[in-house]
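Hi,

Here is the structure I promised to pass on to you. Have a look at it first, and then read on for what turned up in chain B.

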Amino acid sequence: MIHRGIWIIIVIALSILTIDTRIQANALGNRVSNGSQYYVTYKKLFEDIGAEEVSSLDRDKRTGYRSAAFKTKICGAPYQIFEQGVVYSLPHAMLTPPLNSQKMQIMYYDKIWDEWDHVGNTLLTLKVSLASIFKLTRFQPSRKLLILIIPDNCSALNEIDWSKVWLIDTLENEGGAS
Amino acid sequence: MTSSLSKESGSKYASLFLRISRSDVHLGLLILILCSSIASRIDDFTLIPFAIALINTNLFLLFAFFVIFHLICADYDNRRATIVDYGVFVLSLLSLNLVGKMGVTHDVGLVTAGLAVWFWRQRKSENARYIALVWFALSLNVLIAPLFFQVFKSFILVAEVDLIAYIWNLLGYNVWADGQLLTSASGVKLRMIGACSVFTNLSFGFLCYASVKAFNRQSFSFPDMLFVAVLIALLALGNAIRIGLMLPSYEAYVYWHHGSGETIFGAAQFITIIAISFSSVWVRRAI
């Protein structure tokens, strides 16, 4: 009987550990859309190149995550930026006009892609998450990436170092890491 | 002296694990998976949000967990757990925790799929095949169906839109389908997205069906294929009618999309799934 009691205590302790892990994983997924410290960072990156915010939505219906638009001095139309989870395919709105007719850049940690690469994104998620356990990365693990929609006849904003958005130091300075 | 003491305490710990029954190990694992499933809906580890999440958990999901619990207890295996039982427990625990820490969302589905295979291999014991069936239905719901939908989403949504237009045209209404877009004679346009699809409800329907079958210790046979086909057809038809009812006006859309109509539709769908699931059991008994 006593053995069963000890086993029940072990199972309760492991259940608490599992719940805690799940909640941490939830927070990992929500950090961009809820915490918005990533938003603070990329907004600052735009402002550093002289761009100003035109609009911002906490939850864009097209993707389900935050989006914002910034206008630079050189380009006439605004750049749209979407926060997006690492999923199998792009949201429907990005596959249909008008968004699919514009040039797109996907930024995730220190990588930039011109097309959706689910395998690449997933491998990068795993790589950074694994490295973070052993504190071998300067990035905060995140399942969210950024999609930049570039207006016609405008440059790709190569002067911006997008990796700063996921840097632990940046997030800690902004008070976002937890 | 020290070494003999440590050996003694080591053997005490070993004897603890040697005396745990196989069923207790599997009940423990069931509780871990249930906790992980419920916790996927909360952001804060306090009692009240956890209790609310438990209450809000889909009834079919809770019923499936209850059925596994019932089957393990009904065929209680008092034999001491083997190294393989502990291996399954530890592997599942590692998967839920380490993979969860990496932010991968399908860890619960991977564990339930593994358990379905493991119990199926033990199917000679009385309830193992039924437990395997429910674990499989859970894997279908949390892993296989979402993956399938992600891959074939665009095809499924277009097919559903075509079906809705076809059904409403048969009923004499002018509804046009264009890809994922539905247009009615009133001018209302609806774009079908993943959340509107009947696909998620199909896997919940199958989960309920499989749980009811397992609860009554009935294995799957050919008539079940027909029952599942009828269930799929009724759920697809119900969703097609509901979406069609949104088309006449904006007010109709609000009512059937997120107003009282949504509750009516949810209740009708729930009753359909329960009725088909239990009908199959009664028909089998009558035969």
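In this predicted model, I33(B), S36(B) and S37(B) are the residues of α2(B) that meet α6(B), where their partners are V108(B), V111(B) and T112(B). Sorted by class, this contact has three nonpolar and three polar residues, and no charged ones.

To find the two helices on your screen, look for residues 22-39 of chain B for α2 and residues 107-121 of chain B for α6. Their axes lie 10 Å apart and the packing angle is about 155°. Angles over 145 degrees count as roughly antiparallel, so α2(B) and α6(B) are roughly antiparallel to each other. The crossing of α2(B) past α6(B) is left-handed.

There is a second helix pair to look at in chain B: α4, which covers residues 59-74, packs with α7, which covers residues 128-170. Here the angle is about 160°, and the axes are 10 Å apart. By that cut-off of 145 degrees, α4(B) and α7(B) are therefore roughly antiparallel as well. α4(B) passes α7(B) in a left-handed crossing.

Which residues of α4(B) meet α7(B)? From α4(B) they are A64(B), V67(B), I68(B), L71(B) and I72(B), and on the α7(B) side you will find Y130(B), I131(B), V134(B), A137(B) and L138(B). By class, this contact of α4(B) with α7(B) has ten nonpolar residues, with no polar and no charged ones. The contact of α2(B) with α6(B), by contrast, includes three polar residues.

Happy browsing, and write back with any questions.

Best wishes

Notes:
Residues are numbered from 1 along each chain as its sequence is written. Chains are lettered from A and ligands numbered from 1 in the order in which they are written. This is a predicted model: local features need pLDDT of at least 70, side-chain atom pairs count only at pLDDT 80 or more; totals for chains, interfaces and linings use all residues. Axes are lines fitted to C-alpha atoms, for helices over the stretch in contact, and angles run from 0 to 180 degrees between N-to-C directions. Helices (H or I, at least four residues) and strands (E, at least two) are DSSP runs, numbered from the N terminus. Angles under 35 degrees count as roughly parallel, over 145 as roughly antiparallel, 65 to 115 as roughly perpendicular and the rest as oblique. A crossing is left-handed if the near helix is turned anticlockwise from the far one by less than a right angle, and right-handed if clockwise. Two residues are in contact if their C-beta atoms, placed from the backbone, lie within 7 Å. Ala, Val, Leu, Ile, Met, Phe, Trp, Tyr, Cys and Pro count as nonpolar, Asp, Glu, Lys and Arg as charged, and the others, Gly among them, as polar.
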